[in-house]
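Could you walk me through this structure, one strand at a time, and then show me what sits around the ligand? Keep it friendly, please.

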Amino acid sequence: MSLTKIDLPKLKKLYEGKVRQIYDMGEHLMLVATDRLSAFDVIFNEGIPDKGKILTRISNHWFNHVGVPHHLITTDVTDFPPECKPYADILRDRAVIVKKAKRIDFECIVRGYLIGSGWKEYQEKGSVSGISLPSGLMLADKLPEPLFTPSTKAPDGEHDINVTMDYVKNNIGTEMASMLAKLSIGVYLKVAHAMAPKGVILADTKFEFGVYNDEIILIDEVCTPDSSRFWDAKTYTPGENPQSYDKQIVRDYLETTGWNKEPPPPALPAAIIDRTRARYVEMLTLVTGKGV
Ligand SMILES: Nc1ncnc2c1ncn2[C@@H]1O[C@H](COP(=O)(O)OP(=O)(O)OP(=O)(O)O)[C@@H](O)[C@H]1O
Ligand SMILES: [Mg+2]
C-alpha cells in the first residue's frame, strides 16, 4: 500500500509539493514525505510503497554526514511538538522538523557525468551550462571535474530552465552564487566518495539552499534517488545509457508509451511500480546499511 495523500486535519498545511507536504509548526516547519511519484514534473496517480520513508531516511543520513550547515532540527517523532502526537504512526520515518529557511530560488545541480540535459547541450554546443568542454566526450562520460549547472525553480506545471553561473550571480550576487557553487560541489564530492566503495556512481544531483539567521543552509532533500542519478558501477560503460537506481525505470517505461509528458499521466503497471520500489529499497540499504 502506498500513501499518496496524507491528511493531518489538526495541523496547519502551508504547501503541497509534488512529493512533500509542508506544515507550519510556529518557529519551525514540518516536512512530510508522501509515497507520490513525479516524473517530467507530473504527479502519477499510483504511489511507490514506502517511498516517502525511504527518501526521508536517505536524506537524514546525508544531512548528518556531509558536514555543512543544514535545516534538520529533529528526525525522531518522539521529539516532535505535542500536536503531532495523534499522527505519530503516519509521521514516523516520513517527517522531519526543520528550520524555516528563506529558500534561494535556484536548483543547485552538480554534474559529474555527461547525461540528460547536460548531454543534450553538449551535443548541440559542446558545452554544459555554458561551460566549454573538450570535444569527443561520449554519452555518460565522466566530466574532467564536477560542474555546478544551476537551473531556475519554475512555478507549478512549468519546467525548470538551465541557466549560467553569470545569470545566478546577476540575480543573487556574486558572493552568494559562489558560495552555492562551492557548497554544492563539496556535498556532491562527499556523497560520491561515500558511495564509490559501494559500487555506486553519483552521476548528478540537485540541492536546494535557504537562508536562516544570515547563514546559507542546505534544505529540502539530499542525494535521494528522486534528486539524483545513481548508477551501478559494475555495468557502467561510457557510450551506453547506464543502469540507474532512480526513477529511470519509470522514465524509460514512459518513453515506450508515447505519452506527451503533459497531465493527465498514464497508469503505471504494477511491474514498473514493483521494480521502482525495489530500486529505492536497494539504494536505502546501500546508503544506510539498513532496509525498510
Ligand atoms: N527548511 C526549509 N525551509 C523552507 N522551505 C523548504 C525547506 N525544506 C524544503 N523546503 C521546500 O519544501 C518543498 C518540498 O516539497 P517537494 O519536494 O514536494 O516540492 P517540489 O514538488 O519539489 O516543489 P518545488 O517545485 O516547490 O520545489 C519545496 O518547495 C522546498 O523548496
Ligand atoms: Mg522537491
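Look for C108, which stands opposite F207 in strand 14. Keep in mind as you look that this is a predicted model. That pairing is part of a longer contact: strand 9 is joined to strand 14, residues 200-212, by 4 bridges, and the two run antiparallel.

Strand 14 isn't the end of the story for strand 9. Strand 12, covering residues 142-148, is also joined to strand 9, here through 3 bridges and again in the antiparallel sense. To spot this pairing, find V110 and look across to F148, its bridge partner in strand 12. Then there's strand 13, which is just residues 151-152; it pairs with strand 9 over 2 bridges, antiparallel once more. Here E107 has S151 as its bridge partner.

So much for the neighbours; what about strand 9 itself, is it mostly covered or open? Strand 9 spans residues 106-113, and 8 of its 8 residues are buried, so "buried" here means that each has 20 or more other C-beta atoms within 10 Å of its own.

Now hop over to ligand 1. There are 18 residues around it, and those that come nearest are G17, K18, R20, H71 and I219. Strand 14 turns up again here: along with strand 2 (20-25), strand 3 (28-33) and strand 7 (95-99), it gives two or more residues to the shell around ligand 1. Sort that shell by class and you get 8 charged, 7 nonpolar and 3 polar residues. Both domain 1 (12-100) and domain 2 (103-256) chip in, with at least three residues drawn from each.

Definitions and conventions: Residues numbered from 1 in each chain as written. Chains lettered and ligands numbered in written order. Predicted model: local features only at pLDDT ≥ 70, side-chain atom pairs only at ≥ 80, totals over all residues. Buried ≥ 20, exposed ≤ 12 C-beta atoms within 10 Å, placed from the backbone. Pairing = 2+ DSSP bridges. Near = placed C-beta within 6 Å. Nonpolar A, V, L, I, M, F, W, Y, C, P; charged D, E, K, R; others polar. Domains from an automatic or database assignment.
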